[in-house]
Every structure is written in structure tokens, then in C-alpha cells.
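Reader: I would like a close look at a single part of this model. Please set it in the context of the whole afterwards.

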There are 2 protein chains.
Amino acid sequence: MDFAKHSSAQPPRPGDLLSTLSTPLPVIDEDVLASNIERVQSYMDSHGLAFRPHIKTHKIPSLARQQVEAGARGINCQKITEAEVFADAGFEDILITFNILGEQKLARLAALNERIADLKVVADSIVTVTGLAAYFTARKPLTVLVECDTGGGRCGVQTPDEAAALARGIVASRSLKFGGLMTYPKANTEAAVEHFFIATMAYLAVDGIDCAIRSNGGTPSLFNAHLVPTATEHRAGTYIYNDRSMVRAGHCALEDCAMHILATVVSRPTPERAILDAGSKALTSDLLGFGDYGLILEYPDARIVGLSEEHATVDLSRVDGIRPDIGERIRIVPNHTCVVSNLFDTMTFHREGVVTRVEAVAARGLVW
Amino acid sequence: MDFAKHSSAQPPRPGDLLSTLSTPLPVIDEDVLASNIERVQSYMDSHGLAFRPHIKTHKIPSLARQQVEAGARGINCQKITEAEVFADAGFEDILITFNILGEQKLARLAALNERIADLKVVADSIVTVTGLAAYFTARKPLTVLVECDTGGGRCGVQTPDEAAALARGIVASRSLKFGGLMTYPKANTEAAVEHFFIATMAYLAVDGIDCAIRSNGGTPSLFNAHLVPTATEHRAGTYIYNDRSMVRAGHCALEDCAMHILATVVSRPTPERAILDAGSKALTSDLLGFGDYGLILEYPDARIVGLSEEHATVDLSRVDGIRPDIGERIRIVPNHTCVVSNLFDTMTFHREGVVTRVEAVAARGLVW
């Protein structure tokens, strides 16, 4: 990848000290990253659950390679553009957890199916299934899982009865292969997921339909994945970097957050106000139920109360003692790491403050 | 620019119909764009105000060229990376409205000052001024404006007295040139801006210090810019595309919103719920005080009540009559257009639904 869009830009290089790099800059701690990968894979291994990392969090093929080398089986994408980038990088087992519609996307999905071993998608309606069926053939059918709304309130058929009916529709198509069930549940609703899977499988068993994959997902209550014994695999993305919302969910400790956004105090207009050079174009406006836009590690009592595009407004009124000076560099743990990744063309990795590598966020920004 | 990160991706081409393009896709109506540029420039011209468009909204040099050809004098950037891209594209009069700190940035600012005719920055503290002073020389001094907090509550000196003191500090440096005053005010506070400018100029007049530029800014109450007669120029970014928040502010009508995000209904899990393929990675989570995440033109009574990364959850309960079908394409007017631009590598332009051009969003995603 050509990093230089303009003459004077120089990306960070291995060996650079983070303390010398321009801010705002998201950085990833290699040791925390490796530990997060290992910890979750070990848990999955110990419970005999296949683990399928969601690459939406990082969008970087070399990170997915680390996840697979640790033991993950296949990857999870949310968009065809992501899947194409990861197919180019050699990944052969890709599940796209999205209802794919429209001629352009279907044609590309068919092309993708020709060049990787094991492409799978989901569907929650007969409209989606019918659209898919028209673009594949019995020679290499596309594997389709039925997406189930087990309480998450997003996509998905609403009942096991509907799930079974849609599965029958997939089975009836010679160009599609019924792969099983998929859900993206609310956190801590393992019993509801288990019930939905069991009930649907019971309906399908009557017709002799095998339901090979039962795919559960999510990071927040990931360490309860074993409470869905019917599941055959679990999908999760955020766990690789972690963020403030995962600390709040109890998934990890603050020290397990691999991503920090480096920022600089650029103004101190009043004793109680500091302005940082990281705004909504570095942190995003994702609140995720927090009352502010990220946690400043050096000043945990400070609150990022407002963002404009390139500035954060910080309320220091609760900071006793020393308050930050103009020019001081601070680190922010973002509310939501996946959307931060999506803002930057590159991601900088480090070990103990020394840059180890800079990776292109290869699957971001693609719209066609 | 090489648009293709992977083999099967094909960007839209001139002549393509929007109705055939993959979603989610932000698109810009050429005629509305041209009308927005003309309308604001005419207003500025009629009041003898210099107009300096902020390129943060589009980050596309050819659009800034349109703005300058319409009569704008110079451009406004928020980051050095933006200024570098626009300098490469031939722009010679650039104001960066940011307190620039840190060795790397200062060195690059000095390099930029060598290669364009008229670079200007702002400062609101003696720390920023001292940092700048060390990187420039009397041979080609850097022009520095004092940033004033006239009630906006972000950066800026707090009083005219402080503004004058900082201006004296700039004047005292042989490597800097005092350029004047700059503010980014709250909307509809023209009297406060005028007062701040007049009072500061009065203090400086005592010392015989000329205050050549008085730079006011913002789109929401842009058409009140003439109520600050002391201002010599006005800066604005959002007006070129406009968005839902500018309609609410009374700056424009819904028909003046040049940006729509094309999206597709991918799921209808219940009678009252639709799911779109545009999530926080297409719309951003910017609420800007709205209770939902954008306006669906075809279903104005529908509400985008939730976003995940690639899905929008739409509440249809208030939609009487026909509700959207799976596969139906809709158009969203975003709450905030500037942050949407920042998510995409390219922007697609059209006239009456036919693609006219695809431009690289050249100044986005740069972190060093």
C-alpha cells in the first residue's frame, strides 16, 4: 500500500517512540492484543466451541491471521467488501452475517463463492433467499444460515417456527445449501438463545433437516458462551482490542484495552476546561450509554463532555490537584473501538511505547 | 488515485444510474451543490465580506476549486494533513484554525509555509505562540491570528484584554506576524462577536497594532454574518452540502441538502421494524440534539432509532399506510454531513440520478 498521499507525510516506522508521533493517533498494544486473542481462544477451546472472529473490529488481514493461528476456525465479515479483501488475503472460510440483496452485490457474492472454499451468508426472509437462489448453481451452492432474532431486536426471524419455515425454503433451492442457524443476541440472554436453537432444531428434525451450524455471537457476555451448549460456534469482534464498553460489561479489565487514542491538550481556555486534538473524527460520537466520549487514563476524573470534528471539550471540574497543561499528551480509552478503527487508513502497533508495525486498515472505506 | 483495493471492486462511473449502485452510498447532487455555493457566495459578495470555505466538510480539492472560482478568497483547514493535501492541489491561501503544538507538526508547518504564499494559523495561548515562534524565521514569518472565545465554549482567549495581550506577544516575535482575530461562535450571537472584535481592536489601537483580519465563522447563522460589520471574512464548511441540522437551524430547506445516503431495506423482522444497510459506519452516531440518526426522505414518519455498525433499526410505528418492503431503496438526509464525508474514501456525484463523477476524499484518514 502506498501510504503517502502527499509529499511531507511520513507514517510511523518500527522503532519510533509513540511519544514522538503526531496526535490524534490510535495505537494498539501488541502484548494486550496477543493476550486478548489467547484468552478468548483458550476459553473457546476449553468448551469445545469453534471460534469465528469478526474482522469488523480491525479490518486488517494480518490480525485475522493471528486469530486463526491461535485456533480460530474461519472469520466473520459484515460486508461483501470486507469479505473480498480477506479472500484476497487468503481466507477461505468466511461467514457474512448480513442479508445480501441487490443485483450488484449478488453478482459479486457469486464471484466470491467461486474463488474461496467455504462462503456462508445469512438470511431472515424469503425475499433474501429468493434473491440468493437466482445467483448460484447446484454445482457450487451457497451456504445460507437462517438469522434468528433471539431478543437482540435487530434482524432475524422472530420465532423458531418461522426459522424452520425459512430453512425449508433454503433446503428447497438447488442452488443453496442450508447451513444452520445464526443469532446476534443481547448480552446475558444465553437461555433465550439456547431455547431458540433447540426449538428450531426440533421442528427441523421432524423433516429430517440437519442443522449443522448453530452460530452464537457477541463479546459482552462472551465468557458465558458455554451456557448455550447447543451452539457449535461463537463469533466476536471487539474482544481483540476491547474498549470502555467491554470493561463496563464485565468482559475485561481496563488493562485489557489494547487500543488507546493518543491525544494532545491544545488549549486550556479556563481553569475547568481543556481542549484536546481528538474530536468526532478520531473518537466517533458513539456514546453506548456513557455520558461522555471516552476515558482519559491520566485523568480519570476528567470528562470528555463534547466533541466537535477535531476537538474534544474536557470538563476538569472534578479533577482535584494537578490538571493537564497545554502540550501535554494523554491517552484515551474509546467507548467503542470498532468504529474508531473505521476512521483511519492505518493502525499503529507498539510494544511498551515503541512502534512495532503499521498496518493498512485494508477493508475500510469501500462503498462499492 | 488507485480506487481498487481488491480485484472485484468497481467504483461507480459517469453515466451509471444511482438506482443500480450498491448501498450504503453517500451521493451529492451537483445542482444543489452548485446552488449552495452560489447562494452563499452571493450573500457574502453583497455584503462585501470575504468568504473562506472550510474544506473539512468535503476534503476534496476539486470542490474547493469550485468554491474559489465562485469567488471565495482562500480556504480554511482544521489539520495540517488537510492543508498539505490542498497545498499539493495548488491552494496558496490557507488558514488552519487550530492551535498547532508538537515538534513533528511544527516542523511540517514550517515546511508548508515555505511552499505556499499565504499560510495562517491561530493561537489562544502563549504556549502555542512560543512553540510556533521557534520554527519560523523573520525571512518568511508565519501569520498568526488570535483565537477568541466569543461564547462558543471551545478554544479561545476569554476576554478582549487577553486577546490583546496575546496579540502583543505575537507582535513581539520576529518570526511571527500578527494577522488579526478569529472566532468560531455559537449560532445567533453576532452581537457578542462584534463586541469582542471591537473591544480587542480598541485595546490594540492604543499600541498602534493593526488587526487586519477579523475572521468570523459557522454555517448555522451564516446569513446573519453582516450583523458583524467589523468582520472582514466569514468561514463556513457545512453550507456546501447542508444537512438535517442546517435545516433545523433555518439555514436552508430540505431541498438544499446536497448529500443523501442511499440505503436498502434488508430486513422487515416485524410490522413495525425495518432494518437498513446503513449503520454508524455510514451515518456516524452524531445526534446533534436529534432523537434519531437521520431523516428518511421517502418515509418522513419513520424514525432511525438505533444504529449498529452496518445496520440501522427503523421504527415504523408512526408510518401510516404503505411501509417499506425488503429490497426497497431509500434516501437518508444525515444529521451531520461533515462526519459522513470522513467515513468514505470516495464521494459519488450525480445530476438527476446519473453519476457525473467520483472524487477521492483526498484529505481523510491521515494521521501523521
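Where is the place of Pro300(B) in chain B?

Author: This is a predicted model. Pro300(B) sits in a loop of chain B. Strand E12 (295-296) comes before that loop, and strand E13 (303-307) follows. The relative accessibility of Pro300(B) is 53%. The cut-off for exposed is over 50%, so Pro300(B) counts as exposed. Now take Ile332(B). In sequence, Pro300(B) and Ile332(B) are 32 residues apart. In space, their C-alpha atoms are 9.7 Å apart.

Next, a loop residue in chain A. Asn342(A) lies between helix H10 (337-341) and strand E16 (346-351). Its relative accessibility is 4%. Buried means under 20%, so Asn342(A) counts as buried. Both Pro300(B) and Asn342(A) are in loops, but Pro300(B) is exposed, whereas Asn342(A) is buried.

What does Asn342(A) touch? Set aside its neighbours within four places in sequence. Within chain A, the contacts of Asn342(A) are Lys59(A), Arg364(A) and Gly365(A). From chain B come Lys281(B), Leu343(B) and Arg364(B). Asn342(A) is thus in contact with residues of both chains.

That leads to the pairing of the chains. In general, a rotation about an axis and a shift along it relate two copies of a chain. Here the turn is 180 degrees, and the shift along the axis is 0.0 Å. Chain A then lies on chain B with an RMSD of 0.0 Å. That relation is the one of a two-fold axis. In chain A, Ser285(A) has the C-alpha nearest the axis, 2.6 Å from it. Both copies use the same surface: 100% of the contact residues of chain A recur in chain B.

Now chain A as a whole. Its secondary structure has ten helices and 17 strands. The radius of gyration is 22 Å, and the globule rule gives 21 Å for 368 residues. The two values are close, so chain A is as compact as a globular protein of that length. Its C-alpha trace spans about 70 × 45 × 35 Å along the principal axes.

Burial and contacts fill in the picture. In chain A, 63% of the 368 residues count as buried. Take contacts between residues at least 6 apart in sequence: 68% of them join residues at least 24 apart.

Last, surface and charge. Chain A exposes about 12600 Å². Carbon and sulfur atoms supply 53% of that area. Chain A carries 35 positive and 44 negative charges. The mean positions of the two sets are 3 Å apart.

Note on methods. Residues are numbered from 1 along each chain as its sequence is written. Chains are lettered from A and ligands numbered from 1 in the order in which they are written. This is a predicted model: local features need pLDDT of at least 70, side-chain atom pairs count only at pLDDT 80 or more; totals for chains, interfaces and linings use all residues. Side-chain values use heavy atoms; hydrogens and water are left out. Helices (H or I, at least four residues) and strands (E, at least two) are DSSP runs, numbered from the N terminus. The radius of gyration is taken over C-alpha atoms; the globule rule is 2.2 Å times the number of residues to the power 0.38. Buried means under 20% relative accessible area, exposed over 50%, partly exposed in between (1.4 Å probe, protein chains only). Contact means heavy atoms within 4.5 Å. Accessible areas come from the Shrake-Rupley method with a 1.4 Å probe; for residues, only the protein chains shown count as cover. Lys and Arg count as positive and Asp and Glu as negative; His and the chain ends are not counted. The place of a charge is taken as NZ of Lys, CZ of Arg, CG of Asp or CD of Glu. Copies are superposed by least squares on the C-alpha atoms of residues with pLDDT of at least 70 in both.
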